[in-house]
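Student: Hi, I'd like to talk through a structure with you. Could you take my questions one at a time?

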Amino acid sequence: METVRTDVAIVGAGGAGLRAAIALAQADPQLKIALISKVYPMRSHTCAAEGGAAGVIKPDDSLEHHFNDTVGGGDWLCDQDAVDYLVQEAPKELIQLEHWGCPWSREPDGSVAVRPFGGMKKQRTWFAADKSGFHILHTLFQTSLQFRSIERYDEFYATDLLIDEGRCQGLTAIEMRSGQMRRFQARAVIIAGGGAGRMFPFTTNGAIKTGDGMALAYRAGVPLKDMEFVQYHPTGLPSTGTLLTEACRGEGGVLLNKDGRRFLQDYGMGPETPIGKPVLKTMELGPRDRVSQAFWQEQKKGKMVSTQWGDAMLLDMRHLGEKKINERLPLVRDMSISYMGVDPVTDPVPVRPVVHYMMGGIHTDIRAATPLAGLFAAGECACVSINGANRLGSNSLTELLVFGRRAALSAIEHLQTNPRAGNDSAIGALADAAQARIRALFQRSDGKESVAGLRREMMQTMEQHAGIYRSGAGLVEACRKLGELRRRYGAVVLTDKTNVYNTDLLQVLELGSMLDCAEAVTASGLAREESRGAHQRLDFTTRDDAKFLKHSLAWYSRAEPPRIDYRDVVITKSQPGVRDYSGAHE
Amino acid sequence: MSERQVELEVLRYNPETDQEPRFQRYSVTCREEWVVLDALNHVKENVDPTLSYRWSCHMAVCGSCGMMIDGEPKLACKTFLRDYPGVIRVEPLAHFPIERDLVTVIDDFMAKLARVKPYLIPKEPAPADGSEYRQTPAELKKFKQFTLCINCMLCYAACPEYGLIPQFIGPAAISLAHRYNQDSRDGGRAERQEEIAATEGVWECSFTGACSEVCPEHVDPAAALQQVKIKSTVDWYKKHLMPWAKE
């Protein structure tokens, strides 16, 4: 097997991976950096983020406000030392992107413009029209091209971490073009592999978001933290799940039930605010978990509009006018017309909550370090945790920048304190074993399970039992079913046994990642007998700080369900309180 | 919900097992509102797991699913079945080598993109107080359109010159170079000029405008190419006819 020797290997070349790569290249031009991704960098899902990135920049705002919004928005499950670090670093990172050429939208005086976002008390979301993630990704990718030390391995699928002497020393990956396995021997590894929304049938997430980075660490013995917290974004197109950014509401769009009532006022987010004059942190600018839950409740009452794709609420942006919609929300207009046949300039757009983001992920500390020496993680695949039980919109783009860079700095510290070379023959044996597991898939002759069939059953299970509201009985059933699917996965058939760009193989491996992540979601959810943020239990309807002001950790087991234990939340200055999104707050 | 039987004629090629590309017919029941990508996914899931193609976002922003649909370069995620009453022919993007089925080899584009230095080469050092460069909405507007390129390469598949002269740097890479040249914060035009004003650079373009017609993001690469030509011509005149004039 061909071996690539490098100082730092990065798995994933989206926002977090690219930010880490640039930070490494700038810190030390002598460092060898391998940037490995299953897709070309500009295909990474960061490109689909629309609304913007939060960072304090305007004089009426403060780091304390950003901190408080984030911690309260996360229902006090955030580690507050990490949130402090996030809000401090956020403006620097966003300005750094500006210095790299990011086309942020501007005020008439040439300073960067900010827009309101859900759950945020001040306007602090930097944006580039409604393609903010796209511009961040392309700015990072294009900037990365000037660093010769960043060696890219595009379309390489990582299969296993190589762990010897108690530290992570690299990974194996399949080159899609040839089907050949490559061994990356590295002194440190950063995982930046994105989320896992594809476990669910209805999601804003692109096809590539299958939890591979999470599964890579999880199988290597690193716990997944707070996996039960899955974010539903309130406004997806019912036909395709395509995201309509929260900026629709930030700019003044309102949500209506079938009677034309702004129903959020009936769910603790009132009183009603004047049309076209959005008030921060209330009504349509409430947090995503609350708005999605209000939809579910209102649907139960039969108050939703029925469409051929199921029940929907209406997102009314007509009062914004064509000029503002074209200037601030061009993609939203284009998507609504293309995929729903509705022009937001003339008609309200049907929308419904859609799986969007994993608050949970690979357990890291504030340095983006995992408990496994030499392994770091950043971006959606990681759980630092700054998002707690519910992420505020526009904190994730900021997070991937701040902690992408942090992971790079921590990796450098690791290199400096761990100069030892690895044991070549031991690592080689591990890589050979990884290759043998892939070969076994090709040689399997008694397989009877199809990848599409297993995937469908997994998605149905998640949709049915791990959605906006969950119950103990449902989660028990989901855990049972996922255990069964994991066993049946052992008999999955590989139809395509050729080498070049084998997407059948890719999908089999991706399904394996998703099944492992899904089981962590349902097992953590079953154990958490309370309702907090995005995890709402019909049988435990209140938050229980005495028992569950804690992070869940799910530990992998090959044949058994994951073991769940807990870890204290870091609380420095904000004691758990009431999340008040009524107009009454201050 | 209305459904329709759709006939797809898809180019297949596996370098390990095929001497040359061939077409395969799939007849699939599709929903009326589907795009071509949905139909391909339906085939992959239910009919033929060996069919290979790239896709991800399903919202025309990741740029993965460019392919020839009835002979035209299109994003499969934004090409609606309802616009194609007959058999739909699906092929890999023209002018690129086929890696497998609908997957093309895009090394050429990736190399050219890097060559034009598509990153900010600052005109002035960043503000010393750590703040942002000032840029007015009008200055932003001068280049904003050229930032919208998703690197889908439909313009290369449409470009007659790229088909004839593979050395041509091509519409997307030149547009992105131009994007930085036009940015009020940038001072790197001279450095980029070596690549884009060379023979294989902008001068290969015969201005058929095909690139702009197929661009799913309305970047208008043809306009970028024309602006680069005009600026390069002005450079030439300045240099040769007015050697005393400053750039």
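Student: How many residues does each chain give to the contact between chain A and chain B?
Tutor: In this predicted model, the contact takes 43 residues from chain A and 44 residues from chain B.

Student: And which elements of chain B supply at least two residues each to the side that touches chain A?
Tutor: On that side of chain B, at least two residues each come from helix 1 (36-46), strand 6 (98-100) and helix 3 (137-144), and helix 3 of chain B gives the most, with 3 residues.

Student: What is that side of chain B like by class?
Tutor: The side of chain B that touches chain A has 18 nonpolar, 15 polar and 11 charged residues.

Student: New topic: how is chain B divided into domains?
Tutor: Chain B has domain 1, covering 3-104, and domain 2, covering 107-241, and the centres of these two domains of chain B, taken over C-alpha atoms, are separated by 30 Å.

Student: How many residues are in contact between them?
Tutor: In chain B, 13 residues of domain 1 are in contact with 12 residues of domain 2. On the side of domain 1 that touches domain 2, strand 3 (66-69) and strand 4 (72-75) of chain B are the elements that give two or more residues, and strand 4 of chain B provides the largest share, 4 residues.

Student: Switching to chain A, is helix 5 largely enclosed or open?
Tutor: Helix 5 (residues 212-219) of chain A is largely enclosed by the rest of the structure, because 7 of its 8 residues are buried, including A:Met214, A:Leu216 and A:Tyr218.

Student: What comes just after helix 5 of chain A?
Tutor: Just after that helix, A:Gly221 takes a positive phi of about 100°.

Definitions and conventions. Residues are numbered from 1 along each chain as its sequence is written. Chains are lettered from A and ligands numbered from 1 in the order in which they are written. This is a predicted model: local features need pLDDT of at least 70, side-chain atom pairs count only at pLDDT 80 or more; totals for chains, interfaces and linings use all residues. A residue is buried if 20 or more other C-beta atoms lie within 10 Å of its own, exposed if 12 or fewer, and partly exposed in between; C-beta atoms are placed from the backbone. Two residues are in contact if their C-beta atoms, placed from the backbone, lie within 7 Å. Ala, Val, Leu, Ile, Met, Phe, Trp, Tyr, Cys and Pro count as nonpolar, Asp, Glu, Lys and Arg as charged, and the others, Gly among them, as polar. Domain bounds come from an automatic or database domain assignment.
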